[in-house]
Amino acid sequence: MSDSTAPGEVWREVDRYLEGALLPEDPVLAAALARNAEAGLPPIDVSPAQGRFLHLLARLAGARRILEIGTLGGYSTIELARALPADGRLVTCEYSPEHAAVARANLEHAGLADQVDIRVGPALDTLPTLEGPFDLVFVDADKQNNAAYLDHAIRLGRPGTVIVVDNVVRGGRILAGGDPQVDGTRRMFAALEREDRVQATALQTVGAKGYDGFVLARVR
Ligand code: SAH
Ligand code: DHB
Ligand code: MG
């Protein structure tokens, strides 16, 4: 690394270093990423280090029921579902039937198909049909609906439920309105400002996926 290396390149290199030190080779996750690429899915899964972070959060929470909004090819789904006990369950909402089909194949290959229920369709149609409580909710779909997703996550939670929302910084673009996705996340932050039902924070992150961040909340 030279002094002239662009910051993003350093973030990427450090993520590679951390992955090498902390994340053992994982053929199942590697196969999922390969299948995603083969199917032409956008490479917007959480990074390996972020995925392991979600896994550890679920373990720390002792999660037995997990809800995910935004499946893509199931990379984060695999990390989260692997944190479940044998009788644990994960429900994941995915708009695109094509993405859901890739996720199904990846979850089958991971040996997790029996524990994961993929609900295909707009999450706003699925969420009202779900019964809680969930112990952990990961929100990672269309950011336009983040305020509604947060509301559903709280409603479907119980005291102590962990809520994580991905992509809440977007390279700093969260500061400016104008983009529908950023505006959606800004509405979520505005809701959090007067939300008594959760205690929340947000962390900025850098790494292989650039400069972004997530919200971490706990239902009171
Ligand atoms: N959590 C995944 C990445 C999800 S990418 C991972 O880290 O591996 C966001 C996903 O949300 C995409 O697959 C997209 O099709 C889906 N999505 C977009 N709008 C949606 C909606 N209204 N309801 C459910 N899923 C939606
Ligand atoms: C995008 C979506 C994500 O969930 C993510 O983690 C990164 C990028 C996107 O839509 O560009
Ligand atoms: Mg995301």
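Leu 18 counts as partly exposed because its relative accessibility is 34%. Here buried means under 20% relative accessible area, exposed means over 50%, and partly exposed lies in between, with a 1.4 Å probe and protein chains only.

Welcome! This is a predicted model, in which local features need pLDDT of at least 70 and side-chain atom pairs count only at pLDDT 80 or more, while totals for chains, interfaces and linings use all residues. Residues are numbered from 1 along each chain as its sequence is written, chains are lettered from A and ligands numbered from 1 in the order in which they are written, and side-chain values use heavy atoms, leaving out hydrogens and water.

**Exercise 1.** Place Leu 18 in its helix and find the residues that form a nonpolar patch with Leu 18.

Step 1. Leu 18 belongs to helix H1, residues 7-22. Helices (H or I, at least four residues) and strands (E, at least two) are DSSP runs, numbered from the N terminus.

Step 2. Together with Val 14, Tyr 17 and Leu 22, Leu 18 makes a nonpolar surface patch of about 420 Å² accessible area. Patch members have over 30% relative accessible area and no salt bridge; like charges are joined within 9 Å, and nonpolar side chains (Val, Leu, Ile, Met, Phe, Trp, Tyr) within 5 Å. The areas come from the Shrake-Rupley method with a 1.4 Å probe, and for residues only the protein chains shown count as cover.

**Exercise 2.** Which parts does the salt bridge between Arg 82 and Asp 26 tie together?

Step 1. The two side chains meet at 2.7 Å, N to O. A salt bridge needs a side-chain nitrogen of Lys or Arg within 4 Å of a carboxyl oxygen of Asp or Glu.

Step 2. Arg 82 sits in the loop between helix H4 (75-81) and strand E2 (89-94), and Asp 26 in the loop between H1 and helix H2 (27-38), so the bridge ties together parts 56 residues apart in sequence.

Step 3. Asp 26 is buried because its relative accessibility is 18%, whereas Arg 82, at 29%, is partly exposed.

**Exercise 3.** Follow Arg 197 to its salt-bridge partners Asp 151 and Glu 195.

Step 1. With Asp 151, the closest N and O atoms are 2.8 Å apart. Asp 151 lies in helix H7 (residues 146-155) and Arg 197 in the loop between H8 and strand E6 (198-207), so this pair links parts 46 residues apart in sequence.

Step 2. The side chain of Arg 197 also meets Glu 195 at 2.8 Å, N to O. Glu 195 is buried, since its relative accessible area is 16%.

Step 3. Elsewhere, salt bridges with shared partners join Asp 26, Arg 52, Glu 79 and Arg 82 into one network. The structure holds 11 salt bridges.

**Exercise 4.** Is Asp 166 buried or exposed, and how far away is Lys 143?

Step 1. Asp 166 lies in the loop between strand E5 (162-165) and helix H8 (180-193).

Step 2. Asp 166 is buried without a salt bridge, and its nearest oppositely charged side chain, Lys 143, is 5.3 Å away. For charge, Lys and Arg count as positive and Asp and Glu as negative, with His and the chain ends not counted.

**Exercise 5.** Which backbone features mark Asn 167 and the bond from Gly 132 to Pro 133?

Step 1. Asn 167 has a positive phi of about 65°, although it is not a glycine.

Step 2. The peptide bond from Gly 132 to Pro 133 is cis, with omega near -5°.

Step 3. As background, most residues other than glycine have a negative phi, and most peptide bonds are trans.
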